[in-house]
Structure formats: structure tokens, C-alpha cells
Amino acid sequence: MNTTQTLHDIIAAALSIPAEQVTDDLSYQSIPEWDSVSHIYLITELEAAFGITIDTEEVLEMSSVEQVKETLRKHNIEI
Amino acid sequence: MSLYGLIAQNKSLRYLDAVTGDSYTLPDLMKDVWDITERPALAFLYLDNSIASVKLLLQCLNSRLTLALLSPKLHLDYKQRLEEVYEPYYIYDVTRTEIPDRDLQDNMLFCNRKGIRNVIHPDIKVLLSTSGTTGSPKFVKLSEDNLEQNALSILDYLPINSNDVTPLNLPVFYSYGLSVFTTNSIAGGQIVCGNRDVIQKEFWEDMERYGYTSVAGVPYVYEMLHRIGFNRKEYPSLRYMTQAGGKLNGTLIKAFGEYLADRNKQFFVMYGQTEATARMAYMPPQDLLTKNGSIGKPIRGGQFTLAPDTHELLYSGPNVFGGYATTAADLTNFERLPVLHTGDVATCDEDGYYYITGRLKRFVKLFGTRINLDEVESILKQEIQGETFACIGVEDKHLLVFHRITGLEESYIRSLLSKKLGLHPTAFKAQLVEDFPLTPNGKLDYTALQKQDIPQVQH
């Protein structure tokens, strides 16, 4: 399985939505499932899955799937 | 004087639209208001914190309408059920484009084709939900006097002034959020309306741009602030922070208390309930760190006593509600009880500071939302073949479901309750038991369940 697929699965699980619903332009608060609670949960899951530490600025910036990917790229994860 | 009258007297008051930065005085906002009925009638307002919602709320406060304040994110089934039970004359809900038997008017209100269906006691001004997101039709009945008196008591201890810039970062349909709105409207300066929350970059940009002087939060907000490293930064405009909506853990009280005290800022840890309009007690900031864990002292005009037998915390004051409504017929009366039974068990120290030591009522607070455990049990029973379930709260962190169905996956219960209650699935846990522990008179023994003192499943 490639990293993008893994990432989409993590996002789908954290937000408890179907994987098909995960698209690049999906953003924070655009659906009821992506709220502050699931966002913090998503950050924790990403940290565990990729072995990285996501700092404050990044937590606030990761407000869409596209921006989540950009942040991961900064951590040298190929997406 | 009416609540609206008190607000209208505040000449420093400005409502800002966080999105555009536009600023409005109260007369500005009321200049082009929509036509609403001059008769007493029930309005269901599903409000977010946008400037449009705030404008409607202010207009309705200045009318003869009785307002039920509700979350726009409530599950559609629940909205429909509530509307069937109460038959409101008006509904404001921007998430829907049509509602059966109702016409959408120019004023954005859905109007009941059948006309006004309710007889409402004139003292009932606002209805607030007690049960968070379970969709129970149970409302707390509050009068205009309740709202005013509680706002004035809060203004007695919070350092709100006309230079303040206050974000509406808690929902106004929630008693704590509503109290931030009423108190700052009466005595504050600028109120920034919008739906941004503390984990959005825009919230912090707004904080700098507008110079927020206070931030309010339920325990979960403080956990998030801690997680995103709030205390590693400086906020020159910030003067004080408030916390209510459940018990904040001692470590975070210390972390935020010290951070703020070191910078000559104040941290107000507070205690209340919707049944008391919002607030019953607060911790004077100077005693916060020496009395960590206390809910403090009663607000001005309020009094605590402890029930002799159970040590239940009892409250009396002008902000005590006028009873619950569970049907439309309950709107015909408003009877103020002399004493509010908080359902919390408490002690009082020699200096008159109260501490909550337990809970008599069956609910859990998850992410700041009060969830009635009996209601969750009946939701599960209804959804899963009439089976019996027992639910308990675990330190306001999780809701634990005990069941007897072999093969019933925890993930199924999690996703079911998550959908029904609109809360993240990780808030729910499930545990299979051989049998439920019972009390001598045959009822479910929740005390035993709480201690996890249950018959083990035989493998």
C-alpha cells in the first residue's frame, strides 16, 4: 500500500468517515466530523503512524487534506 | 429593566464580524431588522456565532418571543423530533432550505402554517437544552430575570470593562457561551462574532488583529490549548481567562494558573449549571493555586448549603430556573424552586471554599457536553434489538457501555453512538459482561459497575 493510501485511511479513521470522502480539498469544519476533537485525534494518529512530532504552528496549519500532506512532506515523508 | 434594555445602555458596545472586520453598534444592527410577530410565540433558533445569528438573537431578546436556543449541528432526526413535540411558530436554521408545513419567509425564519400553537407562561424567555446532543426534548426554562441576575452576579467578579475585546468562541446556545454573550453585551466593549475555534490559525490571527482581552473555555478547550503549546507564547492583550463546564484537572489548573499569574493576568475557574442559568460559583484567582480543585465560593446573590444526609450541594439564588419542559404543555408554567439540587456531592473547608467530591446524577461530560447516561442506554436499546445496556462515565473522559451480547464489536457501538450523539468515536468504550451486577432491590448496580466490580466473562 502506498503512503497516500495509508494517509487517507488514517484520516478516514480519525474523522470516522468513509475513505472515499477523503479528498485533497476536504477541510477542517467543512464537515461535522472534522471538528476540534477529531482534529487533535488525527494529529496524534499521524504522529504515531509516521514517527514524527507535529508542532503548534503545524497543528493549526493542517486545516485541509492538502495542507496535511504539505506538512508531512516537510517532515520528509513522501506523499 | 429588560436584558435588552441593559445591553442598549452600554454605549461602548460594538459587535464585530470576525470575517470582514466590520463593526456595528446595537442601533446599527437593529436598523434593518426583519418583521417578526408582536405576539408571544415560540421560536426555535439553531444559532451559530456569526454576526447574523447574534443580530437575530438580539432582535428576539427584544421581542415577546420565547427562544429555544439550539445547536445547528444537531442531528436532523433530533431536530424534527423536537419540532414535533413543541410545534414552534418560528424556526431559524440556515442548514435547511425547506421544512414540511412551514414557509420560509424573507426574514429567514420558517413560519408554521398552522399559526401559533403554544400557550407560554409570560416569564419564560429562553429554553436551553440540558442534554447536549442526545436530542432529548428536555429544556431548562429560564426567565429574563434569571438571565439578567446571573449576568449581573458574574459582572460582580469578572473584570469586564468597556475596553475589552471578547471573542465569542463558545456557542451561544450553550449556557456558558450565552453568559459570555450577555455579560459582555452589558458591560464589555467589542464582541467579536464568528465561528473560529482555538485550533484554527485564523483564531490566533484574530487574537492579534483584534487584541482579545479574554478567552473562555470548557476543560476540553484547555486540554487543546495545552496540546498546542499555548503557554509557550505571549499574548500581550490578554487580561484574563475563564473556565467552566466541568472539572479541569489539577495539573492544567496549575499550568494555566501559574502562567497567567506570572504575567499579572487572571484565571477564573468557575462552577455552574444550565439550571442556574449558568454560574453558581467561582474561584477568586488569588486563591486558585492554594485551593487547587475547589469550585470556590458562591457568586453574589447565591448561597450554597449541603444536604445533611447525602452532602448534595444545594444552591439558591435569583438565577435558579423555573423547572424543566419535556412537552409543549410544560411551557404553560414557570415555577421557581427555592433550592436547586445540583446532583453534585460536595464538602466545604474552614474558609468557606467548596469542593466537588462526587456526583449523584447519571450523566457524563464529554468534550464539555453533558450526556445523560439513561438516555444513551435507551438509544442503544432501541437500536440494538431491545437488549439491555448499562452506561457509566469514566472520569468525564469516556462513556463506557456494558453489554451481554457476544460478538458485538466495540467499533460498532462506537460508530453508532458517535453518529447518534455527534461526538468522536474514541469517547466511547464497550465491555462485554457475563451479567449485570444488581442491587438488593434488583436494580442495576451502577456503583459496582463504576468500581468495575462485575462478574467476569467465562471463556
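A residue is called buried if 20 or more other C-beta atoms lie within 10 Å of its own, exposed if 12 or fewer do, and partly exposed in between, with C-beta atoms placed from the backbone. B:Ile299 has 26 C-beta neighbours inside 10 Å, so B:Ile299 counts as buried. The model is predicted: local features need pLDDT of at least 70, side-chain atom pairs count only at pLDDT 80 or more, and totals for chains, interfaces and linings use all residues. Residues are numbered from 1 along each chain as its sequence is written, while chains are lettered from A and ligands numbered from 1 in the order in which they are written.

B:Ile299 is found in the loop between β16 (297-298) and β17 (303-306) of chain B. Helices (H or I, at least four residues) and strands (E, at least two) are DSSP runs, numbered from the N terminus. Two residues touch, or are in contact, if their C-beta atoms, placed from the backbone, lie within 7 Å. Leaving aside residues up to four places away in sequence, B:Ile299 touches B:Ser153, B:Ile154, B:Asp156, B:Tyr157, B:Arg279, B:Met280, B:Ala281 and B:Tyr282. B:Ala281 is 18 residues from B:Ile299 in sequence, and the two C-alpha atoms are 5.0 Å apart in space.

Two of these partners, B:Ser153 and B:Ile154, are also among the buried residues of helix α5 (residues 144-157) of chain B. The others buried in α5(B) are B:Asn146, B:Leu147, B:Glu148, B:Gln149, B:Asn150 and B:Ala151. The buried residues of α5(B) pack against α1 (3-8), β8 (124-129), β9, α6 (175-187) and β15 (279-282) of chain B. The expected span of a helix is 1.5 Å times one less than its number of residues. For the 14 residues of α5(B) this gives 20 Å; the end C-alpha atoms are 21 Å apart, which agrees.

Chain B also holds an open sheet of 8 strands, in the order β6-β7-β5-β3-β4-β8-β9-β19, with mixed pairing. Two strands pair if DSSP finds at least two bridges between them. β6 (102-104) and β19 (324-325) of chain B stand at the edges with a single partner strand each, so one side of each has no neighbour in the sheet. Helix α3 (residues 51-61) of chain B packs on the sheet and touches β3 (42-46), β4 (66-70) and β5 (90-92) of chain B. The direction of α3(B) makes about 160° with that of β3(B); axes are lines fitted to C-alpha atoms, for helices over the stretch in contact, and angles run from 0 to 180 degrees between N-to-C directions. At the β19(B) edge, 2 bridges join that strand to β9 (residues 139-143) of chain B, and the two run antiparallel. B:Val140 has B:Tyr324 of β19(B) as its bridge partner.

A nonpolar core is a set of buried Ala, Val, Leu, Ile, Met, Phe, Trp, Tyr and Cys residues joined through C-beta atoms within 7 Å. The largest such core has 147 residues, and those with the most contacts inside it are B:Ala43, B:Leu45, B:Leu69 and B:Tyr90. B:Ala43 touches B:Cys60, B:Leu65, B:Leu67, B:Pro88, B:Tyr89, B:Tyr90 and B:Tyr92, not counting residues up to four places away in sequence.

Strand β11 (residues 190-193) of chain B has parallel partners. β1 (residues 14-17) of chain B pairs with β11(B) over 4 bridges, and β10 (residues 165-167) of chain B pairs with β11(B) over 3 bridges. B:Gln190 is the bridge partner of B:Arg14, and B:Val192 is that of B:Pro167. B:Gln190 and B:Val192 point one way from β11(B), B:Ile191 and B:Cys193 point the other way, and all are buried.

The contact between the chains takes 14 residues from chain A and 17 residues from chain B. On chain A, α2 (36-50) and α3 (56-61) each supply at least two residues of the side that touches chain B. α2(A) gives the most to that side, with 6 residues. In helix α8 (residues 219-227) of chain B, the buried residues are B:Pro219, B:Tyr220, B:Val221, B:Tyr222 and B:Met224. Their cover includes α2 of chain A together with β12 (214-217), β13 (240-243) and α9 (250-262) of chain B.
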